[in-house]
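Reader: Before we look at the coordinates together, I would like to learn how to read such a structure feature by feature. Please give me the general idea each time, and then the case at hand.

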Amino acid sequence: MEQLFFYIFALVAVVSAVLVVSVRNAVHSAFYLIICLLQVAALFILLRSPFLAAVQVFIYVGAVMVLFLFAVMVLDIGKEKTKEFIHSQWLPAVGVIIALFVMIGYMIKRGKLSASLGIYNEAALAKNTEVIGKTLFTQYIFPFEVVSLLLLVALIGAIVLVMKDKGRARKNNGAGS
Amino acid sequence: MMIPDISTVLEVVLIAVKVVVVTMILFGLPLPLTWLERKVAGHIQVRLGPWRVGPHGLLQPFADMIKLLMKEDIVPDRADKFLFTIAPLLAMVPAFAVFVAIPFGENIMLPVINKEVSLYIADMNVGILYILAISGLGIYGIILGGWASNSKYSLIGGLRSSAQMISYEISISFAAIGVVMLSNSLSLVEIVKSQGGSLLHWNFFYLPVGPVWCAIFIIGSLAEINRIPFDLPEDEGTLGAGFHTEYSGMKFALFMLAEYVAMVSVSVLTVILFFGGWNSPLPVPLPIPPIFWFVAKVVFFIYFFMWVRFTLPRYRYDQLMTIGWKILIPVSLVTILITGFMRI
Amino acid sequence: MSDKKGGIDILDLIKKVLFTDFVKGLRITLGYNVSKSITHRYPDEEKWIPYRRFRGVHTLNRDEHGRELCVACELCVKACPTSCITVVPMEDDTGRGIADRVAKIWKVNLVRCLYCGYCEDACPTRAVRLGREYELACADFKCTVRNREELLLPQPVPESIEGGLVAKAKFERSLSGIKVTADLSATKKRAW
């Protein structure tokens, strides 16, 4: 039963991922990307990580993609459509893809891509959120803080960039009010 | 292939029955709600509201439904046909999917098969996160529908909607975090159970932060479901009808359906997160079923949202952004600090 | 927000935090919500009887002996700003009118008429008056022109009733059209 669902989700995810890069309309691409991300969220649930699934939907599908669409929607789709978009790079691209698949296949064959559950059995994983919270704030507190500091820097950086633009605009306009 | 035993089969059947019942109720709900909304609008404006179709206009929603079904289904020339068709569904499905995680009452015993049944479809470990995530998806129907219509008004409606949703989802999430801090759980059933007892155990009365969280949540939700005073995406005064300007017939009806179901879900969430769910406000000696309290509170909040709609004017777009970014988010940051100190 | 120089107005801030204005607004709308509606249930149950000053469809009047007051002087035709009245005079000494000149034709086109009342001002014998009938909707153009015979009929609302009332009414549909008949014995003052 679970395998059946896995194949359904995986198939839809792969198909929509291919469509993301192959359709010519940018808004359609974004739409397929949303479908792809939703399938990945479903796969997280199959992996007993409801928290990750919810966060995936919440942040990627719910917020990041909305911003994507916000930007893409105001593009002139008619112009983008007629442009050549593979740029005669398909030969190196196919080479890289084949190399990637070979590498992944090799890793799976060697068993490098699977990890044991460790101390977490099925029952412990039911309290998924608490487990993640505890590990994040004890074992991985340092990387966690580094990441939050990075985000803060990005936030301040964004504000500074906007402020600089605003000042210049005022200077260009002469003595603004 | 293992043979499932009788209790597993029963469990699956029960879940299926519950899903069907909830879906049917949700499909039926917009009928009385449109009637109620127009009645409330009428009486607040010292009119009567619908009156002529059936006693007190009670059959008006059916007349509307027939009208919407018979209307020509127009797809504008040069519209994106695929997204234009799929957008109403994208708006509707998340609105319904939210109700998977919502508990309506305590477990009850079914008399015939003698089995305890829970009044929710799934009690998720991440219930509140799931609801926030799924209800955020309803926006795609609006954005893509607005873009696909190939109309200026619709496009601007969609753009406004996406900006509005991003701004207000942050404060809603903060309010949800506040509730999680007060109730020590992400599961909605646990959140309701933690508010049991009397009125004073409700999260709303956890002074001084409870009312603040509640206000943030309600304001944010009003913006999230595009109701007045935050209905900028369908601003009749400046945008025609906003994102659904080009829609007609059944597709338009699906947008309306989604909007009403979203309003119900927001009322339900307010009740669950802040007003004790199905817990009775005061200990009453009478054997009143918990679901009665739940429904009564939800009806009150549905009325409240309609009441607000016909009280407040619409905000300007810059005011909307100011409220979201400069008031709600700083206030929620400060409140989260206070809540944290209080819960140590 | 009144003065930004004097720092933050504490009272104003408290008011904002407690949503005072919002609550006031809610209280007002709630008051209206539970108050009685002022809508007339026209045409199903009620009908509005206008005041005497109301300017509806024209009427032609008779004197107390039943003679037509109109002397077909055509002053109303001259006064009419939209030229909607047509009068054709004729000689008549059978005592139909108060003089020996009466109207052969007196018709008014109600679609052109703007109900200004100049015709009643111009009338030297007070024969033409604007009455209180206001239900003018009909299904074909024939009924937009009213003739002398129709206008001479007595008014559905007699002059003795002062008006400004809501009367009980009945909505009747038939093949010949729709009609709202008011029961003038059961009236009440309007609700506001």
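Author: Let us begin with the vocabulary: helices (H or I, at least four residues) and strands (E, at least two) are DSSP runs, numbered from the N terminus. The model is a predicted one, in which local features need pLDDT of at least 70 and side-chain atom pairs count only at pLDDT 80 or more, while totals for chains, interfaces and linings use all residues. Residues are numbered from 1 along each chain as its sequence is written, and chains are lettered from A and ligands numbered from 1 in the order in which they are written.

Reader: Where is Pro43(C) placed, and is the peptide bond from Tyr42(C) to Pro43(C) cis or trans?

Author: In general, most residues other than glycine have a negative phi, and most peptide bonds are trans. Pro43(C) sits in the loop between helix H2 (20-34) and S1 of chain C, and the bond that leads to it from Tyr42(C) is cis, with omega near 0 degrees. As for phi, Asn184(B) is a residue other than glycine with a positive value, near 60 degrees, and its place is the loop between helix H7 (152-183) and helix H8 (188-193) of chain B.

Reader: In what order do the three strands of the open sheet in chain C run?

Author: Strands count as paired if DSSP finds at least two bridges between them. The order in chain C is S1-S7-S8, with antiparallel pairing. Strand S1 (46-49) and strand S8 (177-189) of chain C each have a single partner strand and stand at the edges, so one side of each lacks a neighbour in the sheet. From one strand to the next the twist averages 40 degrees, where axes are lines fitted to C-alpha atoms (for helices over the stretch in contact) and angles run from 0 to 180 degrees between N-to-C directions.

Reader: How many bridges join S7(C) and S8(C)?

Author: Strand S7 (residues 165-174) of chain C pairs with S8(C) over ten bridges in the antiparallel sense, and the two strands form a hairpin with two residues between them. Within S8(C), Thr187(C) is the bridge partner of Ala167(C), and Thr181(C) is that of Lys170(C).

Reader: How do H2(B) and H3(B) cross?

Author: Two packed helices are described by the angle between their axes and the distance between the axes. For helix H2 (residues 30-44) and helix H3 (residues 60-70) of chain B, the axes come within 8 Å and cross at roughly 115 degrees. The two helices are therefore roughly perpendicular to each other, on a scale where angles under 35 degrees count as roughly parallel, over 145 as roughly antiparallel, 65 to 115 as roughly perpendicular and the rest as oblique. The crossing is right-handed, that is, the near helix is turned clockwise from the far one by less than a right angle.

Reader: Which pair of chains shares the most contacts?

Author: Residues are in contact if their C-beta atoms, placed from the backbone, lie within 7 Å. Of the two pairs of chains in contact, A and B share the most, with 20 residues from chain A and 25 residues from chain B taking part. On the side of chain A that touches chain B, H3(A) gives the largest share, 13 residues. Chain A and chain C, by comparison, have no contact, and their closest C-alpha atoms lie 18 Å apart.
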